[in-house]
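Dear colleague,

Please find below the structure that I am handing over to you. My notes on it follow directly after.

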Amino acid sequence: MEKKLTFREDGSFVIVQFSDVEFIDEEDLDPETPMLDSMTKATMDRIIALEQPDLVVFAGDLIASARSKDPLQSFRSAIAVAEDNRVPWAAVFGNHDSEGNVPRKRMHEEQLHHAYCVAKPDPPGVSGAGNYVLTVDDPTGKPAAALFFLDSGDYSPIEAVGGYDWIRRDQIDWYVSESRRLAERNGGTPLPALAFFHIPLPEYKKVWETSVCEGHCSEWISSPKVNSGMFAAMVEMGDVMGTFVGHDHSNDYSGVLHGIRLCYGRSTRYVSYVEGVRKDKFPTGARVIRIKAGERQFETWIRQSDGLIGEMPVHEPEAR
């Protein structure tokens, strides 16, 4: 039976986005790993208790698979917080999820076996693993919002290009097709939508450079070197209100570009690739998103590991 997501009686729906939890679950590989995994889990438990979400989204890099002897067990440890709290959840995959000996398609199959997972099987003929769309229904059972999940890959398949992977053309075509299908079912009006993937689009750099943003940009924006057109497709379809990524552990900003709010999450794991930066800048935590049935807008904030709502500095671009 398909699992349904439904707006609350007051018309709201709350999503908690955990980013880059990077579970390893192997004591003998890193003496600090058990402590870090435990602290990360405690953060997730605390935020779930405070926010009481209707959905948890793991926005990629659930595990550090290259450092794990059993990536599937590490994956189970990462998502256990949602299962144990009996909260519906879904995941997209990041570059670290498939660096080990388990491919991301097998990882996606694994998530589908869990009781509270609401993800769907991959559409045939579409690149990557973990491409699916969920709807949030109003009290009458009619879809009132859409949530798109896309696999942003890992590393560039073209050696001469290098860097990180990008959302492929067939994935974009799939998104456009699903967007149109949902609009047709909604009387021709695009369904208000959000999109989740791991690696930030090139437009994340553009919005920081040209728009007023809220939050921190404390490390290089690690977008792919190829712009495959995903952002243009979302602008054209007119349904996606906001996109949500992880990947860059010391960035948590959001800003609006051409009507779409581009959002980083807040890194959830107690580790940073920019030594000393994140620890001095802000605590770990999660991004929280609240949508309302019938509204083409959303609220979002950062809930920190200390339980407080994060203060987000305003960034003014140098040239506008």
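In this predicted model, a total of 14 salt bridges is found. I describe several of them first and then turn to the sheet.

One salt bridge is formed by the side chains of Asp37 and Arg269, with an N to O distance of 2.6 Å. Its two members come from distant parts of the chain, 232 residues apart: Asp37 belongs to helix 1 (residues 33–51), while Arg269 lies in the loop between strand 11 and helix 7 (277–281). Asp37 and Arg269 are both buried.

Helix 1 also takes part in a second long-range pair, through Glu51. Here the side chains of Arg303 and Glu51 meet in a salt bridge of 2.7 Å, N to O. Arg303 is located in strand 13 (residues 298–304), and 252 residues separate the two partners. Are these partners buried or exposed? Arg303 counts as buried because its relative accessibility is 14%, and the cut-off for a buried residue is under 20%. Glu51, at 10% relative accessibility, therefore counts as buried as well.

A salt bridge within a single helix joins Asp173 and Arg169, whose closest N and O atoms are 3.9 Å apart. Both residues lie in helix 4 (residues 169–185); they are four residues apart, so about one helical turn separates them. Asp173 is partly exposed, because its relative accessible area is 42%. Elsewhere, Arg76, Arg106 and Glu110 are joined into one network by salt bridges that share partners.

I now come to the sheet. It is open, has nine strands with mixed pairing, and follows the order 1-5-6-7-9-11-10-8-14. Its edges are strand 1 (5–6) and strand 14 (314–315), each of which pairs on one side only. Within the sheet, strand 7 (residues 193–196) and strand 9 (residues 240–245) run parallel and are joined by four bridges. Which residue of strand 9 is the bridge partner of Ala195? The partner is Thr243.

Two helices that pack on this sheet deserve mention. Helix 5 (residues 203–210) touches strand 8 (213–214), strand 9, strand 10 (254–257), strand 11 (260–264) and strand 14, and its direction makes about 95° with that of strand 10. Helix 6 (residues 230–237) touches strand 7, strand 9, strand 10 and strand 11. The direction of helix 6 makes about 140° with that of strand 11.

With kind regards

Key:
Residues numbered from 1 in each chain as written. Predicted model: local features only at pLDDT ≥ 70, side-chain atom pairs only at ≥ 80, totals over all residues. Heavy atoms only, no water. Pairing = 2+ DSSP bridges. Contact = heavy atoms within 4.5 Å. Axes fitted to C-alpha atoms, helices over the stretch in contact; angles between N-to-C directions. Salt bridge = Lys/Arg side-chain N within 4 Å of Asp/Glu carboxyl O. Buried < 20%, exposed > 50% of the residue type's maximum accessible area, 1.4 Å probe, protein only.
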